[in-house]
Amino acid sequence: DDPLIIKMLEELVEQLTGKPFKATDIPLDDQGVMKLFQDTSSLGITPDDIGGCPVGCLGIPEFGTDFVIQMVVDTKPKTLSDLIRISGLSHGTDVWLNNAQELIKSGKATISTAICTRDDIMTYLINKGMDSEESFTIMERVRKGLVAKGKCKDWPEFKKDMIEHGIPDWYIWSCAKIKYMFPKAHAAAYVMMAFRIAYCKVYYPLAYYAAYFSIRASAFSYELMCQGKEKLEFYMNDYKRRSDSLSKKEQDTLKDMKIVQEMYARGFEFLPLDIYRAKATKFQIIDGKLMPPLSSIEGMGDKAADAVEMAAADGPYLSKDDFRQRTKVSN
């Protein structure tokens, strides 16, 4: 989905500014964007405005889930490199939980020194003076989980060499817990994409929300989310009361509600849906507000929405029957 979001963002920002806009030109060291991962100030809101979420990375790929938001809060990233390391941690198995999280909380390691991607192990061991081939082999054994599963016969010998080269006990302990590790190149690619989307969230918010809702919001509801802030929060409170019994669709709806709540908190609004102007599945920016698509109506599938958009091009409807005949939608 991320490349689709980037493409839509480029089109929307060009539409808003009247100037060419390429995501690849976005600086990857922008401090306004980095602040999203530290607090909510870049959005001009407080945590209380968005249900207590202490950071501004809701809806950012790689960083928007409750699990990763907690990692962001625990690790306090300050640079793009830190974000890449967090991405490595979040994609590994037993790399963060029961491992780096404990080391960082206890002060034995930081986000900069903890093992986050598989490459970290090899480069660290080589820098400590260990043989490069042995360092590579240790990395491979660790990242495949062979050490953690007791399937690395050479581990006692490797461990002995690591101790002789001054590798800290906590580092060796961490290696022995890991079951799978992410490559740094993958983490870097994901984070660069996420950072560019985050840039638009800060500096081109309507373009960001239009792209996010069009592509990533799988359970967006016109009735629940586009009738104003008070109605949205009424429904959110109802969902939270029933949190233990929500269906999968309702859980997805609540995730989308959180992004809508943030949008309202930043002072943006939706336009009432206009069947002559609305697109089938894409949100539009009109007069500084968002026009939801026809597919955001409960029960309106994408094919039916396409039919309604196409039929509207033939002029005004004369009646509900005329609407039904021209669009072929159900009663």
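Contact here means heavy atoms within 4.5 Å. This is a predicted model, in which local features need pLDDT of at least 70 and side-chain atom pairs count only at pLDDT 80 or more, while totals for chains, interfaces and linings use all residues. Residues are numbered from 1 along each chain as its sequence is written, and side-chain values use heavy atoms, with hydrogens and water left out. Helices are DSSP runs (H or I, at least four residues), numbered from the N terminus. Buried means under 20% relative accessible area, exposed over 50%, and partly exposed in between (1.4 Å probe, protein chains only).

**Ile104 and Thr75**

- Ile104 lies in helix α5, residues 96-106, and counts as buried because its relative accessibility is 16%.
- Apart from neighbours within four places in sequence, Ile104 is in contact with Asp74, Thr75, Trp96, Ala109, Thr110 and Ile111.
- The C-alpha atoms of Ile104 and Ala114 are 7.7 Å apart, with their positions ten residues apart along the chain counted as separation.
- Thr75, one of the contacts of Ile104, is placed in helix α3, residues 66-75.
- Thr75 is buried, its relative accessible area being 8%.
- With neighbours within four places in sequence set aside, Thr75 contacts Ile86, Trp96, Ile104 and Ile111.
- A polar atom of the Thr75 side chain lies 2.7 Å from the backbone oxygen of Met71. This is a polar contact, that is, a pair of N or O atoms within 3.5 Å; within protein, one must be able to donate a hydrogen and the other to accept it, and residues adjacent in sequence count only if both atoms are side-chain atoms.

**Nonpolar core**

- In soluble globular proteins, nonpolar side chains tend to be buried together.
- A nonpolar core is a set of buried Ala, Val, Leu, Ile, Met, Phe, Trp, Tyr and Cys residues joined through side-chain atoms within 4.5 Å.
- The largest such core has 115 residues, of which Phe63, Met162, Phe213, Phe270 and Leu290 touch the most other members.
- Helix α10 (residues 184-203) gives the most to this core, contributing ten residues.
- Not counting residues up to four places away in sequence, Phe63 touches Phe37, Cys57, Val68, Ile69, Val72, Leu83, Ile86, Val191 and Ala194.

**Helix α8**

- Helix α8 spans residues 155-164, and its buried residues are Trp155, Phe158, Asp161 and Met162.
- These buried residues are on the same side of α8 because they cover an arc of only 125° around the axis, the arc being that of the directions from the helix axis to the C-beta atoms.
- The exposed residues Pro156, Glu157 and Glu164 are carried on the face turned away from the buried side of α8.
- The buried residues of α8 pack against α6 (118-127), α7 (132-143) and α9 (169-175).
- Gly166, just after α8, takes a positive phi of about 80°.

**Positive phi outside glycine**

- Glu62 is not a glycine, yet has a positive phi of about 80°.
- Glu62 is in the loop between α2 (31-34) and α3 and is partly exposed at 22% relative accessibility.
- Asn98, also not a glycine, has a positive phi of about 60°.
- Asn98 lies in helix α5 and is partly exposed at 44% relative accessibility.

**Cysteines**

- The structure holds zero disulfides, a disulfide being a pair of cysteine sulfur atoms within 2.5 Å.
- The cysteine sulfur closest to that of Cys53 is in Cys57, at 6.3 Å, which is too far for a bond.
- Cys53 is buried at 11% relative accessibility, and Cys226 is buried with a relative accessible area of 10%.

**Salt bridges**

- A salt bridge is a side-chain nitrogen of Lys or Arg within 4 Å of a carboxyl oxygen of Asp or Glu, and by this rule the count is 18.
- Lys35 and Asp39 form a salt bridge, with the closest N and O atoms 2.8 Å apart.
- Asp238 pairs with Arg242 in a salt bridge, the closest N and O atoms being 3.2 Å apart.
- A network of salt bridges links Asp238, Arg241, Arg242 and Glu250.
- Asp322 forms a salt bridge with Arg326, where the closest N and O atoms are 3.1 Å apart.
- Both Asp322 and Arg326 lie in helix α16 (residues 320-327), four residues apart, about one turn of the helix.
- Asp322 is buried at 16% relative accessible area, whereas Arg326 is partly exposed at 27%.

Notes:
Helix = DSSP H or I, 4+ residues; strand = E, 2+ residues; numbered from the N terminus.
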